[in-house]
Amino acid sequence: MAHSRNNAFLPHLFIAIAIAALLVLLVAFSLFRKDSVKEDPEAVERIRPVAIFRSAPATPPPAAEPVAAEGASTPDAEATDAAAAEATPPAARDGATVYAEVCKTCHETGVTGAPKKGDKGDWEPRIAQGVETLYASALQGKGAMPPKGTAVRFSDEEVKGAVDYMVELAR
Ligand code: HEC
């Protein structure tokens, strides 16, 4: 009897040990996988910062100076020039240019009651309101006049220039 009971117990013990060993293996494997992500170059690439800030040296390295002085257009000097040209904002358009690009659409012929360019009768009551009022109407819109005449790409100063241009022509 004892013999047969012992026989039945052994396979159970074996299965229990096998399950425990499997669990240990699984835990070890999952730990190993977590570590391996750190080494995975693709994962490192994915979690890399979007931008890296590098401050330019305050003074150019002295070794570069004689070279730059001799040859006026070293690749470095050219790159710096191009960067400087890009950083310079485009020159502001004058009133006449802004007028011709947008305001003209309505103010040339007086579409939907717009005061016509150079028409003193149209402009006199407008000018009487004061130039600040005219600027505000041109920037924020008034009645059928859309803000900046729809040309939101123009700066406030450029739109004001176009107002001055029309006001001057109507005096
Ligand atoms: C879509 C047509 C349209 C365009 C484009 C347009 N205007 Fe006008 N503008 C009008 C109309 C209409 C009025 C009259 C609005 C009213 O008095 O109700 C007007 C009025 C004005 C006035 C007088 C506002 C006042 O307070 O009496 C100024 C100044 C003016 N426009 C400047 C400009 C300038 C500058 C531009 C270009 C950047 C421009 N407009 C483009 C239609 C236009």
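Cysteine 103 is buried, because 24 other C-beta atoms lie within 10 Å, where a residue counts as buried if 20 or more other C-beta atoms, placed from the backbone, lie within 10 Å of its own. The structure is a predicted model, in which local features need pLDDT of at least 70, side-chain atom pairs count only at pLDDT 80 or more, and totals for chains, interfaces and linings use all residues. Residues are numbered from 1 along each chain as its sequence is written.

Cysteine 103 has its place in helix H5, helices being DSSP runs (H or I, at least four residues) numbered from the N terminus. Apart from neighbours within four places in sequence, cysteine 103 is in contact with Val98, Gly149 and Ala162, contact requiring C-beta atoms, placed from the backbone, within 7 Å. Methionine 166 is separated from cysteine 103 by 63 residues in sequence and by 9.5 Å in space, C-alpha to C-alpha.

Cys103 is also among the residues that come nearest to the ligand, together with Cys106, Gly143, Met145 and Gly149, out of 29 residues around it; a residue is near a molecule if its C-beta atom, placed from the backbone, lies within 6 Å of it. The largest share of this shell, six residues, is contributed by H5, and helix H5 (95-107), helix H7 (131-140) and helix H8 (156-170) each supply at least two residues.

As for the protein chain, eight helices and zero strands are present, and 11% of the 171 residues count as buried. Among contacts between residues at least 6 apart in sequence, 58% join residues at least 24 apart.

Definitions and conventions. Buried ≥ 20, exposed ≤ 12 C-beta atoms within 10 Å, placed from the backbone. Contact = placed C-beta atoms within 7 Å.
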